[in-house]
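Visitor: I am new to this structure and would welcome a guided reading. Please show it to me before we begin.

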Amino acid sequence: MSLQFFEKDGKMDIPVNEFPKTKLHRLASNMIWPLVFLLLKLKIQANYVTFAGVGFSIVAALALSRGHWLIAVVFILLNGLCDCLDGDLAKNTASQFEARKKLGQFLDPYSDRISDTCFFLGLLAYSIHHYPLTFNLWIIGALAAHLISSWIRAKVENLGFRFHRKKCFTRATLQLALIIICLGQFLSSAGLQDTAFLWTTACLLCWPKIHTFLAWSLRATLIIRYNKNIGIFS
């Protein structure tokens, strides 16, 4: 659920805040609704916000590749903000823009995959110049696992099954992991930066993404094989 706006006498009125499903969603919704309302008043389309988010991810990737950690954190946060805003903007657009909504439904996940790929490539570009090939292969494997996991979920849902995603590695978790990696590099002393990058990237990014891919692959196989959700996989 998200914020819903309505028109009164031809003018945009105060938003009605419908409670989201979780406390985290409710907190995020309460924090960004003034900005959503402002963008609606300015008639800024959700797709423009989506494109801005991709631009922020490209800048973040460049910052990651050069080791500018604080700049990377800022633009990762801006990408996350755009990811929240474009959804609420699209849901609160007037019904006559149905075609624009459908385009947004395609552009939103498409832009997410572009942004996530940019983040991984930025980390990889930095890692290539500082770490051995074996560690770089872990980052490449995590990127592949991330992209394939998204396809697995979409395919299972297209087949008509319900694919639960509770307690899994989401986009928000990916962004949080990147922020922790960047802050760890920024706060670490020069002698500890190499060790900090190796451990934080491996433990917070690479292994969780690969683990999610393996778990989702097994879950999808069992769901499709037995034609129903099974036990802990449902």
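**Loop, core and cavity**

Guide: This is a predicted model. We may start with K43, which is located in the loop that joins α1 (23-41) and α2.

Visitor: Is K43 buried or exposed?

Guide: Most residues other than glycine have a negative phi. K43, by contrast, has a positive phi near 60°. Exposed means over 50% relative accessible area. Because K43 has a relative accessible area of 71%, K43 counts as exposed.

Visitor: Which helix gives the most to the largest nonpolar core?

Guide: In soluble globular proteins, nonpolar side chains tend to be buried together. Here the largest nonpolar core has 26 residues, and I76, F120, L178, C182, F197 and L205 have the most contacts inside it. At least two residues of this core come from each of α2, α3, α4, α5 (133-158), α6 (171-187) and α7 (193-226). The helix that gives the most, with six residues, is α6.

Visitor: How many residues does the other core have?

Guide: This second core lies apart from the largest one. Its members include I32, L40, L85 and L89, and its size is nine residues.

Visitor: Which residues lie nearest the centre of the largest cavity?

Guide: The search of the whole structure finds one cavity of 30 Å³ or more, and the volume of the largest cavity is about 70 Å³. Its lining draws at least two residues from each of α2 (46-66), α3 (69-91) and α4 (98-128). By class, three lining residues are nonpolar, five polar and five charged. Of the 13 lining residues, those nearest the centre are T50, N79, D83, S111 and D112.

Notes
Residues numbered from 1 in each chain as written. Predicted model: local features only at pLDDT ≥ 70, side-chain atom pairs only at ≥ 80, totals over all residues. Heavy atoms only, no water. 1 Å grid on protein atoms, 1.4 Å probe; cavity = no way out; pocket = protein on both sides within 12 Å on 5 of 7 lines; lining within 4 Å. Points joined across faces, edges and corners; volume = space filled by probe spheres on them. Helix = DSSP H or I, 4+ residues; strand = E, 2+ residues; numbered from the N terminus. Nonpolar A, V, L, I, M, F, W, Y, C, P; charged D, E, K, R; others polar. Buried < 20%, exposed > 50% of the residue type's maximum accessible area, 1.4 Å probe, protein only. Core = buried A, V, L, I, M, F, W, Y, C linked by side-chain atoms within 4.5 Å.
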